[in-house]
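Trainee: I should like to understand how the terms used for this structure are justified. May we go through them one at a time?

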Amino acid sequence: MFKNRKTDNSLQEYAMSSSASPEQASLETLLEQSHTLMSQDAGAALLLAQEAVAQARSTGQTNLLAKALRARAMAQGSRGNIAAAQSDFQEALPLAQQTHDLLLISQCLHGKAVALKHQSAYSEAIATMESSVQILRKIKNSKGLWMSLNTLAAFHGSLSNYGEAIVCLIEALDLTKENPDQKAQILSNIAMVYLECGQPTEAIRYFEESLAPDEATASATYRCNTRINYASALRAVGRYEEAVVAAKCAMTIALSQQNKSLEAAALVALGCSQTDQEQAELTLRAAQQLTDEIGLPEPQLSAYQALGSFLVQQNQAVEGCHWLQQALSQAETHNRRFIQSEIHQKLSQGYELQGNLAKALTHYQTFHSLYAQFHQESAQHRLQSQLAQQEIERVRHETENLRQQVLEDPLTQLYNRRYLSRFLESELTRARRYELPLSVILIDIDDFKQVNDQHSHRVGDLVLLAFANLLRQSSRTSDILVRQAGDEFVILTPATPLPDARLLAERLRMTIATHDWNSLVPGLTLTVSIGVADLLSNEDLLDHADKRLYMAKRAGKNQVVA
């Protein structure tokens, strides 16, 4: 299912607008604090927003009450309380219209559209979001416009209207030329277009680019949904172990936000990715039960379809068809044609297993008709996508170039010190919050100055390039590789206790010491000294690792101290 990684969080999007008069200072402060807390602690944000609504009602000022209701709606949406969010947006919108504050009106329209989407009222959601887009174009608010266009693209994608989605995404890309984080969210939606058009490999490339920028500033909802969709792409190419990792990461984020809608989506992603059939069934049943508890159509559709498809595959055809029929009813009600075709195909298989060949044939014919219709429309969308592809690639390369300039070392293409400082802070926060291990490996090339002095700086650069490649080959996909300065490198190892990090460091030391450097300089040998520290041993990871590196140097170099 095509999802906007920013969509859920669009209930918590725009920054608070307009300056406050002195008598409004307390209320404006509450609203700003609520907005700041939204992505990290939606519960605390909700408490502040509720207090703001109470204060705003006592003032009798329409503009303040509209803002406070919108803040509370955003907080409710962040916690998955969609009905409550919609109710607040419904009250806030006419109040905003009375004030003639066009930015506030567009924000309330945006939030209302997202709430409608969660209730699968897609036609009304699209019309409402288009109204927000028109206002934002009128007032030339580029920040709000890219958000609304990105969300509108997701709505179109959910209905398989990929041509319309691409048009929105291209316009949004042009509005975010200087912001890698914003571009990442748009690239994630482009990835979903590729995934649903049957190009998972290309989708994975875009997903991985969308995950590349620093996520410390990204919302929890965006991070969660991106990993859920990334897991879908990984499954499509048979990379189930990686899909499980992505789904579990999404689950951790969902639980931290106490957002049951996100939790249900993460459970579906996890159940579909697990290769242990017994465990997969337990996970998918948990997802179905949770969606029934929530009572929202979209999570129910996803959970019912996943559970029904799984049961049919396991020859539990009677129960499988029951859940698939439930999913089909939801898909038909909300005109989800592509999903309808998938469900009809599975129902055909399920009824064939039961020996009901007449029903099996009926569902197969319906599947074939829908698929042919969808395929014809997809061909038209693919043509439009091809016409748009050059523009997407141009902006994608601009994004990559900007990211490289800001966050990458130009010689080795490893991350730089600036990226390390940003990423380390977010990883420390995550490790403390979830009580996860975190280790850092600090590496210094022994006597590297002699390489430059004896063989030239050009040879030194070639050695550093080769060294960086060895780091990549010797590390894991979850490790963060950084060139800190000159001949000093850092490997940040999330979720890794000190003993495991020490083994990784020792393996790396041996790799460097035994590598054949003769292709660069005849007779050249290279060794490294390494210091390893973990979060449990010291709060200042880099400082502690640096002290252990110094101990390795004083002890004779070419060794690891942890």
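**Terms and their grounds**

Mentor: Let us begin with a bridge: I480 has L492, in β3, as its bridge partner. Please keep in mind that the model is predicted.

Trainee: What makes β2 and strand β3 (residues 488-494) a pair?

Mentor: Pairing requires at least two bridges between two strands. β2 and β3 are joined by five bridges, in the antiparallel sense, so the requirement is met.

Trainee: Why is β2 (480-485) called an edge strand?

Mentor: The open sheet has five strands in the order β2-β3-β1-β4-β5, with mixed pairing. Both β2 and β5 (560-561) pair on one side only, and these are the edge strands.

Trainee: Why is the pair of Y304 and W323 called tilted?

Mentor: Four aromatic pairs are found in the whole structure. In the pair of Y304 and W323, the ring centres are 5.1 Å apart, and the planes stand at 40°. The centres are within 6.5 Å, and the angle is neither under 30 degrees nor over 60, so the pair counts as tilted. It links distant parts of the chain, with Y304 in helix α15 (residues 297-313) and W323 in helix α16 (residues 317-333).

Trainee: How do you know whether Y304 and W323 are buried or exposed?

Mentor: The relative accessible area is 6% for Y304 and 12% for W323. Both values are under 20%, so both residues are buried.

Trainee: What of L462, in helix α21 (residues 457-474): why is it called partly exposed?

Mentor: L462 has a relative accessible area of 33%, which lies between 20% and 50%, so the term applies. Together with L465 and L520, L462 forms a nonpolar surface patch of about 190 Å² of accessible area.

Definitions and conventions. Residues are numbered from 1 along each chain as its sequence is written. This is a predicted model: local features need pLDDT of at least 70, side-chain atom pairs count only at pLDDT 80 or more; totals for chains, interfaces and linings use all residues. Side-chain values use heavy atoms; hydrogens and water are left out. Rings of Phe, Tyr and Trp (its six-membered ring) pair if their centres lie within 6.5 Å; planes under 30 degrees apart count as stacked, over 60 as edge-to-face and the rest as tilted. Helices (H or I, at least four residues) and strands (E, at least two) are DSSP runs, numbered from the N terminus. Buried means under 20% relative accessible area, exposed over 50%, partly exposed in between (1.4 Å probe, protein chains only). Patches are made of residues with over 30% relative accessible area and no salt bridge: like charges are joined within 9 Å, nonpolar side chains (Val, Leu, Ile, Met, Phe, Trp, Tyr) within 5 Å. Accessible areas come from the Shrake-Rupley method with a 1.4 Å probe; for residues, only the protein chains shown count as cover. A salt bridge is a side-chain nitrogen of Lys or Arg within 4 Å of a carboxyl oxygen of Asp or Glu.
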